[in-house]
Amino acid sequence: MKQKIVLTHWVHPEIIDYLQSVADVVPNMTRDTMSRAELLERAKDADALMVFMPDSIDDDFLASCPKLKIVSAALKGYDNFDVDACTRRGIWFSIVPDLLTIPTAELTIGLLLGLTRHLAEGDRRIRTHGFNGWRPELYGTGLTGRTLGIIGMGAVGRAIAKRLSSFDMRVLYCDDIALNQEQEKAWNARQVSLDELLSSSDFVVPMLPMTPQTLHLLNAETIGTMRTGSYLINACRGSVVDELAVAEALESGKLAGYAADVFELEEWIRVDRPTAIPQELLTNTAQTFFTPHLGSAVDDVRFEIEQLAANNILQALTGQRPSDAINNPILEGVN
């Protein structure tokens, strides 16, 4: 009897074909997220799960899946998943560690340009009112000679700094680990405290994981220390930013604009998470620019992510250690 693999979200058909060569595959052919009850029904006799950002797997869920050998996450951040519970139950947990870096950096730069140059508003005006030629309107903010502050100089932060160096920007960064001298020189970058970064930057870009320490790092108090008329761009995790505080800062003029690809409502691990984006942000089209979590939404990159997640599954199902496993489960006597 073939083993069973459940895919919680849509993947490229080639990935399904690839996995079907060795197992029975139960795909999600829609673009929607299944309810927990539906996913549990599909997964209760599964040997492997391929999971995605909207999913949340806890110990109670795993207790209902006694055959499970691996939870393969097609993502990099994994705070929605109880890895310790996987380990205790002899289940591998793997991630995709590297493929999201460049597309996320590119999208962050797109958000920065879209927000500061009023690209969405310009598009709306043409479609709504037509276009008869140039007018002295929608003047924005250029990047050349401005200061970019990056909070968290990990892989994505470095990719952003490298790409924006060609815009002749100054880069301030806050991180426990310093760049090397060659990187700082090439990217015109300098390591500073968070206080100095916030008070000195024209554009602030957090690039942090979701942890208890980063929850609402950018709140009413810290936003209050930012340069008046500065911009905030969030493409890391929604709850790093207090969205209600952002709405108030836009209203008061403290912030000139806010762009985001991620939102607090996506933090499934938070029991107090909001269920919607604040209306104050949605109606403020003049100062905001939003995208629906498109950070890694590059077709060939998504295919590579799915392929890597599938490879981890096949390795686990054939008794090997998955290449991108982040735990060391107790396998003896399990499954």
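This is a walk through a predicted model, from its main sheet to the helices on it, then to aromatic pairs and cysteines.

Let's start with the sheet. Seven strands line up in the order β8-β7-β6-β9-β10-β11-β12, paired in parallel, and the sheet is open. The edges belong to β8 (189-191) and β12 (288-290); each has a single partner strand, so one side of each goes without a neighbour in the sheet. On average, neighbouring strands here are turned by 15° against each other, direction ignored. As background, strands in a sheet pair through backbone hydrogen bonds, in either a parallel or an antiparallel way.

Take a look at the β12 end. There, β11 (residues 255-260) pairs with β12 in the parallel sense over three bridges. If you want a spot to zoom in on, Tyr 258 sits opposite Thr 288 of β12.

Now for the helices. Helix α5 (residues 101-116) lies across β9 (203-206), β10 (230-234), β11 and β12, and runs at about 145° to β10. Helix α7 (residues 155-164) packs on the sheet too, touching β6 (147-151), β7 (170-174) and β9, with its direction at about 165° to that of β6.

What does a residue of α5 touch? Thr 108 is a handy one to pick, as it lies in helix α5. With neighbours within four places in sequence set aside, Thr 108 is in contact with Ile 160, Val 205, Met 207, Ile 233 and Ala 235. Put those numbers beside the element ranges: Ile 160 falls within the residues of α7, while Val 205 falls within β9 and Ile 233 within β10. Thr 108 has a relative accessible area of 2%, so it counts as buried, the cut-off being under 20%.

A database record covers much of this ground. UniProt lists residues 109-295 as "domain: D-isomer specific 2-hydroxyacid dehydrogenase NAD-binding", in an unreviewed entry. In the model, the end C-alpha atoms of that span lie 11 Å apart, and the span is 33% helix and 17% strand.

On to the aromatics, where the count comes to five pairs. Such a pair is described by the distance of the ring centres and the angle of the planes. For Phe 81 and Phe 93 the centres are 5.6 Å apart and the planes meet at 45°, so this pair is tilted. Phe 81 comes from the loop between β4 (70-73) and α4 (83-88) and Phe 93 from strand β5 (residues 92-94), so the pair ties together parts twelve residues apart in sequence. Both rings belong to buried residues: Phe 81 has 7% relative accessibility and Phe 93 has 0%. Another tilted pair joins Phe 203 and Tyr 231, at 5.6 Å centre to centre and 35° between the planes. This one takes us back to the sheet: Phe 203 lies in β9 and Tyr 231 in β10, so the pair ties together parts 28 residues apart in sequence. Phe 203 and Tyr 231 are buried as well. Back at Phe 81 and Phe 93, ring pairs bring in Tyr 78 to make a cluster of the three.

Finally, the cysteines: why is there no bond between Cys 65 and Cys 86? The sulfur of Cys 65 is 10 Å from that of Cys 86, its closest cysteine sulfur, and that is too far, since a disulfide needs the two sulfurs within 2.5 Å. Cys 86, likewise, is in no disulfide, and the count for the model is zero. Buried or exposed, then, for Cys 65 and Cys 86? Cys 65 is buried at 2% relative accessible area, and Cys 86 is buried at 1%.

Conventions: Residues are numbered from 1 along each chain as its sequence is written. This is a predicted model: local features need pLDDT of at least 70, side-chain atom pairs count only at pLDDT 80 or more; totals for chains, interfaces and linings use all residues. Side-chain values use heavy atoms; hydrogens and water are left out. Buried means under 20% relative accessible area, exposed over 50%, partly exposed in between (1.4 Å probe, protein chains only). Two strands pair if DSSP finds at least two bridges between them. Helices (H or I, at least four residues) and strands (E, at least two) are DSSP runs, numbered from the N terminus. Axes are lines fitted to C-alpha atoms, for helices over the stretch in contact, and angles run from 0 to 180 degrees between N-to-C directions. Contact means heavy atoms within 4.5 Å. UniProt positions are given in the numbering used here, feature names are shortened, and annotations may be inferred rather than shown by experiment. Rings of Phe, Tyr and Trp (its six-membered ring) pair if their centres lie within 6.5 Å; planes under 30 degrees apart count as stacked, over 60 as edge-to-face and the rest as tilted.
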